[in-house]
Amino acid sequence: MAAPGENLRINGERLWDSLMEMAKIGPGVAGGNNRQTVTDEDGEGRALFQKWCEEAGCSMGLDQMGNMFARFEGTDPQALPVYVGSHLDTQPTGGKYDGVLGVLGGLEIIRTLNDLDIRTRHPIVVTNWTNEEGTRFAPAMLSSGVFAGMHTQDWAYDREDSEGKKFGDELQRIGWRGDEEVGARKMHAFFELHIEQGPILEAEGKDIGVVTHGQGLSWTQVTITGKESHTGSTPMPMRRNAGLAMARVLELVDEIAWSHKPDAVGAAGHIDVYPNSRNVIPGKAVFTVDFRSPQLEVIEDMEQRLRLGAAKICAEMGLAVEFEKVGGFDPVEFDAGCVTAVREAAERLGYSHRNLISGAGHDACWINRVAPTAMVMCPCVDGLSHNEAEEISPEWARAGADVLFHAVVETAEIVE
Ligand code: HGY
Ligand code: MN
Ligand code: MN
């Protein structure tokens, strides 16, 4: 396949302006974003994305999980499209670039093809995957997971948020539940541009991460039940303190992750105690333990030691404990051909690069199960993400989108 000339570049200013425009929707309180999945703000962001795609000459598709598909025709309508995209939903204290860079980087490809009057044989489809974050409705990557056949649609529709609202109802309420069957679309390949969300590229002064693998993830929800009682008048020996047991389990989680250094990681980001009153011993604690590693056997070891260790802690304290696996996926190896297209694009464009294992989960991790898939990463300041202070430079955004452009257009076969 003919590779694009090294002089072919995207319009970095236009990409940056679009990132800043999208960031105005669902603003956070500290300069980032709170545009959580299937909220009204998510709906607003979708509408803006659709407007831009239609202005660029795309026809829009929408499936029953709200996944958005902006199709830009190729010269061969029978050819399987090359898909490119990520997610527009954010964490409650999210940044302006996590996911959004990958969706708008895909749109920038279409805008650049229009500018340069370049056509490809395969159509190109820019994609917004619903609920990648899994923060309001667990698990993460919910809709790309349904698309890849990892979850049933009914199970996904029934996921509840902390107020008991169901995902399917909220998707319907914001008016973005489409008719297309989820997963019916077939792909020639899928590419995703994403910020690294870690410190490696910036620390090494590299422009581009060529993502060869993604580490696996395990989410175990732990429920510890003790007995609510007065924090003043209940003698220490009589207490059945679910909050204390949780603290001991969280210490164990940290110890387990460190025991598999340097790659494994572990923590709990979701923590609820009940009734969460200043003068009541917590009768219940519910928290989600997030373990990750590039090795499946390490993840399995950490899960097992958590269950055994937490059960021992709770038995010694006279408390009950339950475990529920609420999310996870095995470590991922991306498609060698697509990874090579990314690496050769970085070389051709003169961007420094290095192989990378993705620390975070991405829609590409599920789509890799149904189509040849690869990811492009750019650095982020201090490796910080899932924080409103998340920041990248316009140069990093441009470099990542240039490499994405070349990998996608080469795979879609430029028509001379
Ligand atoms: O959890 C993750 O890795 C992703 O950011 N949703
Ligand atoms: Mn993301
Ligand atoms: Mn994220």
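**Exercise 1. Is His386 buried, partly exposed or exposed, judged by its relative accessibility?**

Solution. This is a predicted model, and the class of a residue is read from its computed relative accessibility. Step one is the value itself, which for His386 is 41%. Step two is the cut-off: a residue counts as buried under 20% and as exposed over 50%, with partly exposed in between. His386 therefore counts as partly exposed. Asp98, by contrast, counts as buried, because its relative accessibility is 5%.

**Exercise 2. Work out which residues hold the manganese ion (ligand 3), and what parts of the chain its donors Asp98 and His386 tie together.**

Solution. Begin with the donor atoms, which are an OD atom of Asp98, two OE entries from Glu133 and NE2 of His386, lying 2.2 to 2.5 Å from the manganese ion (ligand 3). Next, consider how these donor residues are spaced along the sequence, where the pattern reads D-x34-E-x252-H. Then place two of them in the fold: Asp98 belongs to the loop between strand 3 (82-86) and helix 3 (100-116), while His386 belongs to the loop between strand 16 (373-378) and helix 12 (394-411), so the pair ties together parts that are 288 residues apart in sequence. Finally, Asp98 also serves as a bridge between the manganese ion (ligand 3) and the manganese ion (ligand 2), the two ions being 3.4 Å apart.

**Exercise 3. Describe how helix 3 and helix 12 pack, and decide whether they are oblique.**

Solution. The description of two packed helices rests on the angle between their axes and the distance between the axes. For helix 3 and helix 12 the angle is about 60 degrees and the axes are 9 Å apart. That angle makes helix 3 oblique to helix 12, since roughly perpendicular begins at 65 degrees and roughly parallel applies under 35. The crossing of the two helices is right-handed. At the residue level, Leu101, Gly105, Gly106, Ile109, Thr112 and Leu113 of helix 3 meet Ala397, Leu404, Phe405, Val408 and Val409 of helix 12.

**Exercise 4. Find the residues that touch the most other members of the largest nonpolar core, and follow the contacts of Phe49.**

Solution. The largest nonpolar core holds 100 residues, and Phe49, Leu104 and Phe191 touch the most other members. Helix 12 gives the most to this core, contributing ten residues. Once neighbours within four places in sequence are set aside, Phe49 is in contact with Met22, Met68, Leu88, Val103, Leu104, Leu107, Val126 and Asn128. A second core, separate from this one, has 22 residues, including Val249, Leu252, Val253 and Phe287.

**Exercise 5. Locate the cis peptide bonds at Pro139 and Pro275, and then examine the positive phi values of Asp117 and Asn131.**

Solution. Take the peptide bonds in order of sequence. Ala138 and Pro139 are joined by a cis bond with omega about 5 degrees, and Pro139 sits in the loop between strand 5 (124-128) and helix 4 (142-147). The bond from Tyr274 to Pro275 is likewise cis, with omega near 10 degrees, and Pro275 lies in the loop between strand 10 (265-274) and strand 11 (280-281).

Turning to phi, Asp117 is not a glycine and yet has a positive value of about 55 degrees; its place is the loop between helix 3 and strand 4 (119-120). Asn131, also a residue other than glycine, has a positive phi near 50 degrees and is found in the loop between strand 5 and helix 4. As a last step, compare their accessibility: Asp117 is exposed, with a relative accessible area of 64%, whereas Asn131 is buried at 1%.

Technical notes: Residues are numbered from 1 along each chain as its sequence is written. Chains are lettered from A and ligands numbered from 1 in the order in which they are written. This is a predicted model: local features need pLDDT of at least 70, side-chain atom pairs count only at pLDDT 80 or more; totals for chains, interfaces and linings use all residues. Side-chain values use heavy atoms; hydrogens and water are left out. Donors are N, O and S atoms within 2.8 Å of the metal (3.2 Å for Na, K and Ca); water is not among the atoms, so sites may look incomplete. Helices (H or I, at least four residues) and strands (E, at least two) are DSSP runs, numbered from the N terminus. Buried means under 20% relative accessible area, exposed over 50%, partly exposed in between (1.4 Å probe, protein chains only). A nonpolar core is a set of buried Ala, Val, Leu, Ile, Met, Phe, Trp, Tyr and Cys residues joined through side-chain atoms within 4.5 Å. Contact means heavy atoms within 4.5 Å. Axes are lines fitted to C-alpha atoms, for helices over the stretch in contact, and angles run from 0 to 180 degrees between N-to-C directions. Angles under 35 degrees count as roughly parallel, over 145 as roughly antiparallel, 65 to 115 as roughly perpendicular and the rest as oblique. A crossing is left-handed if the near helix is turned anticlockwise from the far one by less than a right angle, and right-handed if clockwise.
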